[in-house]
Structures are given as C-alpha cells and as structure tokens.
Amino acid sequence: MATTITKRSIYVGPAESGECQPLQLEGICAEAGILPGMLVQQAAANAGLEINDTAAITSFNKPVLIANRNELMSRNVDEAWTLNDNMQSLKPRSGEFFNVMVASGNNITELGTGLTLDGAGKLTIADNDGTVPVLFHADEIVNVTADALVRVYRA
C-alpha cells in the first residue's frame, strides 16, 4: 500500500555514519487518531501514550516523544495507531533526524527554522521571542498546505 504522506519512515538516522538506533519508549495506545510522526506524551496515571496536547508555552522541560510507525505490523506512516495496541514512540537525541508532523499553514522558508508544539501533537513555527521552547529545527524548506511529515533535527 502506497503512502499518501510522501515519506516512508519516522526515524531518518544520525548525522554521522554507523549503526545507531533511536531511543524507544513503548506504551499502550490510549487515544484514537495518533498518526506516526505526531508528538505524544504519557497519559495520566501511566495509562499509555496519547497525543501531546500541551500548549507550547507550558512545554518547557517536558519529554519529547514522537509516535513511530507500527513496524511490528508493517504499517505505513499514514496509518493511525489502533486503540490499545502496544505503541512505539521515539525519544529524539541531538544529531538525529526525524520526519515529524507539521501542522497545515506553516510556510518553512529557510533551513533551521525553529519549530514548537502546537497543542495538537504537531509542530508549528516557533516565535523568536523566547516565550515558547524550540523543540526542533527544520531540515527542509516546504510550504505545508496540509498536515505533513517534515524532516527535522532536535534543537
């Protein structure tokens, strides 16, 4: 089955060569509609993983987790996780590249553009005034006209 998002993986790899693997965190999928590349968080009472709905202004010092595609079931990046499945998320480190969901309406016009959380599990262009944390930097120039995976690296 061909993907409609135009990317085929979430983890792109490290900046250097070698057999590096991403840090993973597993948990039960606690919310419907989680697509690979969305930002997720631990649900209350450790009930699994849910869409990260934290407002950017309050997301300083919170762990960053990215929903991976369901590799165990050989799913594509455009197939949402099934509720109560054992879900894999990735914890990005410096020097690693990922394809992460960026919300529609973001026009990334230069490499290194700072991106932050939009409160719905996606990234959006961050204000440059220091009021929100820059979680990632864009590694692609793209006008996001519909939610799409964009190659990024950890800030």
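Begin this tour of a predicted model by selecting Phe-136 and Arg-154: Arg-154, in β13, is the bridge partner of Phe-136. Now extend the selection to the strands themselves. Strand β11 covers residues 136-138, and its pairing with β13 is antiparallel, over 3 bridges.

Next, keep β13 in view and add residues 96-102, which form strand β7. Strand β13 spans residues 148-154, and 6 bridges join these two antiparallel strands. For one position along this pairing, select Phe-98, which stands opposite Val-152 in β13.

The next stop is an open sheet. Select its 5 strands, which lie in the order β2-β6-β5-β3-β4 and pair in the antiparallel sense. At the edges are β2, residues 23-28, and β4, residues 49-51, each of which pairs on one side only. From one strand to the next, the twist averages 45°.

Within this sheet, turn to β2 and to β6, the strand of residues 86-91. The two run antiparallel and are joined by 6 bridges. Selecting Leu-25 shows one position here, since its bridge partner in β6 is Ser-89.

Finally, select Gly-121, in the loop that lies between β9 (114-117) and β10 (123-125). Is Gly-121 buried or exposed? Because its relative accessible area is 0%, and buried means under 20%, Gly-121 counts as buried. To view its surroundings, add Met-38, Leu-39, Ile-51 and Asn-52, which Gly-121 touches when residues up to four places away in sequence are not counted. Then add Met-101, 20 residues from Gly-121 along the chain; the C-alpha atoms of these two residues are separated by 8.0 Å.

Methods. Residues are numbered from 1 along each chain as its sequence is written. This is a predicted model: local features need pLDDT of at least 70, side-chain atom pairs count only at pLDDT 80 or more; totals for chains, interfaces and linings use all residues. Side-chain values use heavy atoms; hydrogens and water are left out. Two strands pair if DSSP finds at least two bridges between them. Helices (H or I, at least four residues) and strands (E, at least two) are DSSP runs, numbered from the N terminus. Axes are lines fitted to C-alpha atoms, for helices over the stretch in contact, and angles run from 0 to 180 degrees between N-to-C directions. Buried means under 20% relative accessible area, exposed over 50%, partly exposed in between (1.4 Å probe, protein chains only). Contact means heavy atoms within 4.5 Å.
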